[in-house]
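Visitor: I would like to learn how to read a model like this one. Could you take me through it feature by feature?

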Amino acid sequence: MTVETRPSHLNPLLNRSARPMPRRIAVVGAGTIGPDIAYYLISSIPDLRLSLVDVVPEALDRATKRLAGYVEKGLAKKKLTEEQARGVRENVVPTLDYGDIADCDWVLEAATENIELKHRIFEQVEAIVSPKALITSNTSSLPASRVFAGLTHKGRATVTHFFAPAFRNPVVEIVHWADGDPETVEYLDWLFAATGKVPLITSDAICFMLDRIFDNWCNEAAYLLDEATAAEVDSTANEFVHAGPFFVLNLARGNPIIVETNTLQMEEGAHYRPAPILRSVDTWTTVGPGKRAPVAPETAARIRDRLLGILLSQSLDVLDRSIGLPSDLDLGCRLALGFKRGPLDLMRRLGDQEVRRILDRLVSERPGMPLPERPLESYQGFLRHVLVDDLDGVKVITLRRPDALNALNDEVTDEVLFVLREHEGDPNVVGFVIVGYGPRAFCAGADIGRFPEVLGDAEAAARYARDCSRLLVHLDAMTKPVVAALNGMALGGGLELAIRCHAIVAQRSAWLQFPEVTLGIAPGIGGMAVPYRRWPQAAETFHDMLRTARKLSAADAHDLGVVVGLAGSYEELMELAVERVRGLGEGAAPTPDGSVDIPPLEEIEAVAANGMPLSRETIGIITEAVQRCAGAPHLAEALDIGYRAFAKTACAEAAREGVAAFLEKRKPDFTKTG
Ligand code: COA
């Protein structure tokens, strides 16, 4: 696969498909991962009937019990609705009989990693299901060209590789292979994204993309046991991962898997040989996630170099062989494998000289391991958090930070700005749409993780707000139209981004909210100034939203004229957004410059719309700022008032409490802060 042979769009939800959501799926294999995949499918695809197939009755019994346990937990944690729970209980049908799967739209094989067994399964499956039914394998290492060699209708088949635990781990690799139809990949890409997963497309290499990293990372850890203990290796590795390789191998009972997959990789060279110790040890004595055992500095340095060496060597090899895209590699390593940073991000931080040193050391100790084929800096020129697609001359910019509900950080802001600047002068580009990745969020705001750095420092806080506004100020001056397409929640800084676009369209399920007051801060990057200037008719609603964090549904925003079009689905939303871009043409800047009359801001109880007590001081600062923003003769001055009001709240005790509470995942207690 190269970038050119990927599905037509990078944002999977732009890939329209003639196929509807499946109604009947069979998962073959009720062992370790099959029931977890089944649980994800049944709880995220409405009206689905799912057959769980195995040849061992006890495996089906165990799987049924496991699913019942998940339902109980899901209900208790409110992660599952009663309706979804009923779906799992009633619509998963355990069966020993392949005859039961004849009418399936999709058969997903999750049996043992044994190619003869898989061939037998697919022979049986293909004899029963329609030639149009999808057939996929959850193999983590065997290329699709081998797994599906015996199929008559190969186009409908591919690998869909899940990561443990499959119902929670968002990543699924989809393999683009020689005999598979591109439509099959495109459909699955759409389906996974529409159901909340993060699909990553890879080529048909042995172990695909992410397990090339993971398996060699673990294998290298095992080789290091000649000079260090498992606890020392994990302890050192914990600088880079949430759980060390031996801890994960224990959890997954993974030693035999590494032996098997690295043996397979030996087709590419003897340097992939599995470490012999993996064959003789069952469980490792090691430290848990985040834990450190004492390690002598020179031992730690040696472990660090080798682990980093293998990580970088494998990552660069993935890119040199076009096995996957760089942004997918970084995202996948973080989301699927638990790395704290993606390998390319790490590489950038280490610097070329250090990377070169580490790689030179690796090949001197582990000859044969791949080295980069290009200058190191050439691996860095890619967009990390936004996807850019073209819909008939309209550039669609998709915010993709699925692990933070597409929240904005400096890098996201700069990337959006870069894309706008790159294309706004191009006469072939009609305009832009900004949308969020996945079905849940347009954007959950500014990255709250950054806030603690500026709390208590008025100068730093005001500078931060001004810096965050660089994209928004650019939008103010743009004449080429930019439309915000709200595919889900638009919160705080995300809403502040949307209101600076020339128009907003939204899915009916979307909602708008300024939750800042619940964090003890003011919406400082335009939220207190722009809405009143653009939609003075909705001023009372904005008063309420800013001071009580009341949510505004897309439909209500439409009634108020804030949202100019409503759509039922993501697909409709994009049609509407593109249509709107075309309708707007090049024209006036989105936000009027002059002052605006607003209704008085009555004194209110310090209580949020959801009943949560709020900080009186924060509400006071917001109230004053809103009034002053409205009276400011020019937008720039109004924005400045907003930055300074943000800084003022950032220096109050309430902000410390509110931000800390969010990061500690608890409710804030503003009664002690005022
Ligand atoms: N900044 C950074 N991370 C954010 C974020 C933000 N603005 N909004 C959500 N996230 C992260 C969460 O920390 C969580 O990460 P984790 O899985 O590593 O813990 C992840 O996104 C998913 O969010 P979570 O809170 O688990 O989802 P939920 O469905 O329980 O709640 C929200 C959804 C939107 C109600 C909740 O995430 C929220 O209140 N976010 C903050 C919104 C906000 O105040 N924005 C204004 C900032 S200017």
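Visitor: Which atom of the ligand lies 3.0 Å from a backbone N or O atom of Ala-446?

Guide: A nitrogen atom of the ligand. That pair is a polar contact, meaning N or O atoms within 3.5 Å; within protein, one must be able to donate a hydrogen and the other to accept it, and residues adjacent in sequence count only if both atoms are side-chain atoms. Before we go on, note the source: this is a predicted model, where local features need pLDDT of at least 70 and side-chain atom pairs count only at pLDDT 80 or more, while totals for chains, interfaces and linings use all residues. Residues are numbered from 1 along each chain as its sequence is written, and side-chain values use heavy atoms, with hydrogens and water left out.

Visitor: Which residues are closest to the ligand?

Guide: Arg-440, Ala-444, Ala-446, Ile-448 and Lys-665 are the closest of the 18 that surround the ligand. A residue counts as near if one of its heavy atoms lies within 4 Å. Oxygen atoms of the ligand have polar partners too. A polar side-chain atom of Arg-440 lies 2.7 Å from a ligand oxygen. A polar backbone atom of Asp-403 is 3.3 Å from an oxygen of the ligand.

Visitor: Now the sheet. What is the strand order?

Guide: First the general idea. Strands of a sheet pair through backbone hydrogen bonds, either parallel or antiparallel. Here, two strands pair if DSSP finds at least two bridges between them. Helices (H or I, at least four residues) and strands (E, at least two) are DSSP runs, numbered from the N terminus. In this model, six strands form an open sheet in the order S9-S10-S11-S13-S15-S18, with mixed pairing.

Visitor: Why is one side of S9 and of S18 left without a neighbour in the sheet?

Guide: S9 (386-391) and S18 (565-567) stand at the edges, each with a single partner strand, so one side of each has no neighbour in the sheet. Neighbouring strands are turned by 25 degrees against each other on average, direction ignored. Axes are lines fitted to C-alpha atoms, for helices over the stretch in contact, and angles run from 0 to 180 degrees between N-to-C directions.

Visitor: How many bridges join S15 to S18?

Guide: Three, and the two strands run parallel. S15 covers residues 503-507. Ala-506 has Leu-566 in S18 as its bridge partner.

Visitor: Which helix packs on this sheet?

Guide: H24 (residues 570-584). H24 touches S9, S10, S11, S13, S15 and S18, where contact means heavy atoms within 4.5 Å. The direction of H24 makes about 155 degrees with that of S11.

Visitor: How should I read the salt bridges?

Guide: Side chains of opposite charge can pair when their charged atoms come close. The rule here asks for a side-chain nitrogen of Lys or Arg within 4 Å of a carboxyl oxygen of Asp or Glu. By this rule the count is 43.

Visitor: How far apart are Arg-357 and Glu-354 in helix H15?

Guide: They are three residues apart, which separates them by about one helical turn. Their side chains meet in a salt bridge, N to O at 2.9 Å. Both belong to a salt-bridge network that also includes Arg-302, Asp-305 and Arg-361.

Visitor: Is Asp-317 buried or exposed?

Guide: Buried, at 9% relative accessible area. The scale is this: buried is under 20%, exposed is over 50%, partly exposed is in between (1.4 Å probe, protein chains only). Asp-317 forms a salt bridge with Arg-321, with closest N and O atoms 3.0 Å apart. Arg-321 is partly exposed at 34%. Take another pair, Glu-657 and Arg-666, whose salt bridge is 2.8 Å, N to O. Glu-657 is buried at 7%, and Arg-666 is partly exposed at 35%.

Visitor: What backbone angles should I check?

Guide: Start with omega. The peptide bond from Ala-164 to Pro-165 is cis, with omega near -15 degrees. Pro-165 is in the loop between S6 and S7. Then check phi. Asp-47 is not a glycine, yet has a positive phi of about 55 degrees. Asp-47 lies in the loop between H1 and S2 and is exposed at 60%. Lys-78, also not a glycine, has a positive phi of about 60 degrees. Lys-78 sits in the loop between H2 and H3 and is exposed at 75%.
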